[in-house]
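User: I should like to learn how to read helices, cores and chain contacts in a model. Could we work through one example together?

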Amino acid sequence: MALDSKIPSGSVSDKWTNYKDHINLVNPANKRNLDIIVVGTGLAGGSAAATLAELGYNVKAFCFQDSPRRAHSIAAQGGINAAKNYQGDGDSVFRLFYDTVKGGDYRAREANVHRLAEVSTNIIDQCVAQGVPLAREYGGLLDNRSFGGALVSRTFYARGQTGQQLLLGAYSAMNRQIGRGKIKMHNRHEMLDLVIVNGKARGIIARNLITGEIERHSAHAVVIASGGYGNVFFLSTNAMGSNATAAWKIHKKGAFFANPCYTQIHPTCIPVSGDHQSKLTLMSESLRNDGRIWVPAKIEDAVAIREGKKKAIDLSEAERDYYLERRYPAFGNLVPRDVASRAAKERCDAGFGVNKTGEAVYLDFAAAIQRYGKEQAFLKGIDATDKQAVTKLGTEVVKNKYGNLFQMYYKIVDEDPYTSPMMIYPAVHYTMGGTWVDYNLMTTIPGCFSIGESNFSDHGANRLGASALMQGLADGYFVLPYTIGDYLSPDIKMGTIPTDSPEFEAAEKGVKDQIEKFMNNNGTHSVDYFHRKLGKIMWDKVGMARNAQGLNEAINEIAALREEFYKDVKVPGTDKGFNQELEKATRVADFLELGELFAKDALHRNESCGGHFREEYQTEDGEAKRDDENFAYVAAWEYKGKPSDAVLHKEDLVFDAVKLVQRNYK
Amino acid sequence: MKLTLKIWRQKNAQDKGAMVDYKIDGIEPDMSFLEMLDVFNEDLMSKGGEPVAFDHDCREGICGMCSLYINGEAHGPDRGVTTCQLHMRMFKDGDTITIEPFRAAAFPVVKDLVVNRSAFDRIQHAGGFISVNTSGNTIDANTIPINKKDADEAFDAATCIGCGACVASCKNSSAMLFVAAKVSQYALLPQGRIEATDRVLNMVSQMDAEGFGNCTNTGACEVECPKGISLENIARMNREYMSASLKG
């Protein structure tokens with residue numbers, strides 16, 4: 001099957017406008033005869049469900065949490081980009097587009113990214129109209145901050161809780177439609193398979209997580225908005241329940257899976273504290289605006305700090321190595337995430353790590369506190385040479401900006417980040433890869449769409465900060481509502497899709513068989529036992545730096561682990577009711593397949609780009625070395641029974657508006 | 001650390017349920033409370049038992065999924081945190097820890113420590129929104145300047161995570177703090193004023209219909225709220241409700 005991305009013709013800046021002018025529309029009277037299933041209620045799924053219901057479609061929304069408001073978009077901290085140019089600092093739609101393509105290391109589809117930049121401004125207008133309390137300046141207008149990989153301030157934010165506020169905005173829009181009966185909300189439900197009838201996605205099989213009942217739900221189209229697959233690493237900044245099952249099930253039913261190896265390792269997370277660790281906590285990238293990252297310049301000092309004989313504050317300026325500022329003078333601490341993460345790993349691998357395990361660097365606010373303190377002292381007419389007063393004033397400013405993050409750090413680490421620098425280390429955060437979609441956000445299964453983090457389309461090999469919220473809401477509020485109408489227009493006379501067809505029967509049976517197998521397996525190890533093992537293989541061999549030998553080992557080890565899992569996993573309790581171990585088992589079963597495809601994709605991509613760093617392909621000074629001649633394509637994998645048999649399809653990436661160059665943040 | 005855990009076990013909504021005592025060893029102060037329960041459940045399963053069900057998801061204090069009534073306090077003894085942010089360093093070696101679900105008539109138990117908080121969603125369906133459709137043609141975001149104080153106060157109210165600690169802490173199982181947070185957020189913003197009258201009447205009416213109790217100003221909700229939502233919001237909602245009732 002040849003991949004058709006369905007990118008409209010014309011110049012990159014006209015494509016979306018022309019497209020909208022010429023698509024088929026469904027009239028309002030017919031929309032109420034069409035059903036749409038939306039799986040996942042984060043920024044993408046929540047905004048899509050609300051908007052589709054407003055348009056008049058009957059929406060059936062599903063989430064595994066007890067309320068749509070809990071989706072993991074809620075945890076996004078830093079902000080959301082939009083090309084508003086409110087700061088007058090030279091921003092524009094083209095610049096946001098350009099920064100995103102460059103930040104993605106030239107592995108994203110130009111047409112999609114431009115569309116994203118175009119609708120970014122509408123998102124801010126929409127959210128403010130909904131009552132989302134974004135941060136404001138004293139004059140009453142919206143405030144902005146800068147984020148990694150950009151030279152302008154285009155990030156809108158709500159203290160350190162931007163994701164929460166935007167998600168609650170989408171949730172409120174959903175609530176209005178739930179109240180009107182236009183969205184039928186299914187909380188505590190998990191999609192366990194896709195149903196295809198006559199070649200088109202026509203429904204899902206879901207498990208009611210409270211009663212254990214297996215349910216059939218039909219629709220004219222199915223939208224997957226189930227997020228990313230970072231939890232394949234076990235430890236990540238994802239929520240405990242975040243999973244790839246919906247995305248993986250559609251993959252097994254024919255949706256190609258694109259670029260699974262593009263995974264973002266976020267540079268500023270709280271380091272691992274012990275074997276009991278269940279998840280990792282992010283410290284927003286916005287902290288890099290004011291925090292300076294460093295390790296000791298001399299290895300003796302690093303050793304002394306690890307042994308508890310010295311403290312960070314004992315080291316003078318000359319004894320510190322602000323390695324990002326040293327290596328990347330132009331962007332300094334604000335280099336993109338992939339670059340910052342690798343630089344931290346490089347220093348720690350070289351022996352300069354500052355915590356017990358040697359896997360941590362400092363993020364220091366002392367300079368920012370002094371800078372802000374002096375500013376405040378000047379404003380208030382206080383003597384700026386009074387260090388104590390300045391520190392107090394500066395601490396207040398930092399507290400106002402990042403208070404909740406500092407408190408979070410304090411509660412976890414039990415150390416005051418206002419007086420001694422934070423310790424941070426990279427952790428798995430976001431997956432740029434995902435189900436392949438065309439320009440319409442439709443997968444290779446007709447009628448099955450994929451939006452937000454669950455698709456692959458906009459971030460290439462590396463996502464810039466504050467772009468995930470932008471993409472989720474762009475897809476859900478402003479893109480899918482157009483493209484899905486074009487797809488549904490021939491279906492207006494179809495009537496309700498029956499759920500008693502052989503296709504539903506077969507899909508339901510498959511799900512029931514899998515559950516029965518788990519319940520009767522009688523193994524000896526818990527699901528977490530296998531999940532932790534998978535995570536370790538992934539982190540050690542398919543993590544921040546990869547090589548062919550490690551990847552080959554990982555592929556074999558994951559396949560063997562999968563076999564052991566099916567033989568030896570133990571799921572206690574009953575499937576006829578609430579059973580969290582069973583939920584985990586069905587999710588980890590899918591991660592055990594996805595992980596292998598992930599490694600296979602990483603092995604085939606003989607270049608380094610963005611979050612995919614192959615040790616064999618680097619420049620003399622350790623930067624990622626792309627191979628545009630051979631790898632400027634999207635790798636879309638077709639399922640053929642086992643991950644090892646997956647077939648590669650290539651979508652060549654064509655760059656008309658942006659010239660391919662080596663990313664340079666120096 | 002060695003601990004004694006007294007945990008509420010209940011098979012399903014119909015089951016009567018009871019407290020069960022357990023012993024656990026090898027707990028480290030750096031573990032979060034939920035990581036302690038993970039370790040406990042692993043241990044229980046290895047001995048052929050069924051793990052204790054508890055709600056949790058983000059494990060960073062923002063999703064509002066985790067609950068638990070620990071030693072008589074919602075989200076346990078620490079202040080300004082959810083259970084997932086509570087660490088074992090708050091306890092001492094040899095302690096006995098009592099763990100119950102959030103109890104309220106409007107929050108029926110699903111299993112063990114898991115409760116059904118859908119009543120909160122239904123209150124939001126009744127008015128927790130501004131009626132604006134997605135169009136891409138709403139006015140430019142900076143056309144409505146909002147003074148920073150109002151914007152900040154609206155934000156403070158909007159940080160409610162909907163966990164239900166306020167209800168669990170209240171002797172009347174009142175949901176006033178939760179409802180007031182949403183009413184306040186919109187009441188403080190010009191965008192929200194337009195529907196303010198209907199919103200407060202509808203949300204309060206749904207709150208009553210769900211079986212939450214009345215507010216008697218004990219302030220326990222504010223003390224236990226992991227996000228520090230202020231009682232001032234309840235006062236604001238009362239004012240809004242009074243003036244809306246008069247407009248009738």
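Analyst: This is a predicted model, and a single helix is a suitable place to begin. The length of a helix can be checked against its residue count: at 1.5 Å a residue, the 14 residues of helix α7 of chain B (residues 196–209) should span 20 Å, and the end C-alpha atoms are indeed 20 Å apart, so the two values agree.

User: Which residues of α7(B) are buried?

Analyst: The buried positions are B:Arg199, B:Val200, B:Met203, B:Val204, B:Gln206 and B:Met207. Because they cover an arc of only 160 degrees around the axis, they lie on the same side of α7(B).

User: What do the buried residues of α7(B) pack against?

Analyst: Their partners are three helices of chain B: α2 (118–125), α5 (176–187) and α9 (232–247). After α7(B) comes B:Gly211, which has a positive phi, near 90 degrees.

User: How should one read a nonpolar core?

Analyst: In soluble globular proteins, nonpolar side chains tend to be buried together. Here the largest nonpolar core holds 288 residues, and the members touching the most others are A:Ile36, A:Val223, A:Val361 and B:Val179.

User: Which residues is A:Val361 in contact with, leaving aside its neighbours within four places in sequence?

Analyst: With those neighbours set aside, A:Val361 is in contact with A:Ile293, A:Trp294, A:Val295, A:Ala344, A:Arg347, A:Cys348, A:Val354, A:Ile424 and A:Tyr425.

User: How many residues does each chain bring to the contact between chains A and B?

Analyst: Chain B contributes 66 residues and chain A contributes 67. On the side of chain B that touches chain A, at least two residues each come from α1 (33–46), β6 (109–111), α2, α3 (148–158), α5 and α6 (190–193). Of these, α1(B) gives the most, with six residues. By class, this side of chain B has 27 nonpolar, 23 polar and 16 charged residues.

User: Finally, what can be said of chain A as a whole?

Analyst: One may compare its radius of gyration with that expected of a globule. For 666 residues a compact globule would have a value near 26 Å; chain A has 25 Å, which agrees. Its C-alpha atoms fill a box of roughly 80 × 60 × 50 Å along the principal axes. Chain A contains 18 helices and 19 strands, and buried residues account for 61% of its 666 residues. Among its contacts between residues at least 6 apart in sequence, 74% join residues at least 24 apart.

Conventions. Residues are numbered from 1 along each chain as its sequence is written. Chains are lettered from A and ligands numbered from 1 in the order in which they are written. This is a predicted model: local features need pLDDT of at least 70, side-chain atom pairs count only at pLDDT 80 or more; totals for chains, interfaces and linings use all residues. A nonpolar core is a set of buried Ala, Val, Leu, Ile, Met, Phe, Trp, Tyr and Cys residues joined through C-beta atoms within 7 Å. A residue is buried if 20 or more other C-beta atoms lie within 10 Å of its own, exposed if 12 or fewer, and partly exposed in between; C-beta atoms are placed from the backbone. Two residues are in contact if their C-beta atoms, placed from the backbone, lie within 7 Å. Helices (H or I, at least four residues) and strands (E, at least two) are DSSP runs, numbered from the N terminus. The expected span of a helix is 1.5 Å times one less than its number of residues. The arc is that of the directions from the helix axis to the C-beta atoms. Ala, Val, Leu, Ile, Met, Phe, Trp, Tyr, Cys and Pro count as nonpolar, Asp, Glu, Lys and Arg as charged, and the others, Gly among them, as polar. The radius of gyration is taken over C-alpha atoms; the globule rule is 2.2 Å times the number of residues to the power 0.38.
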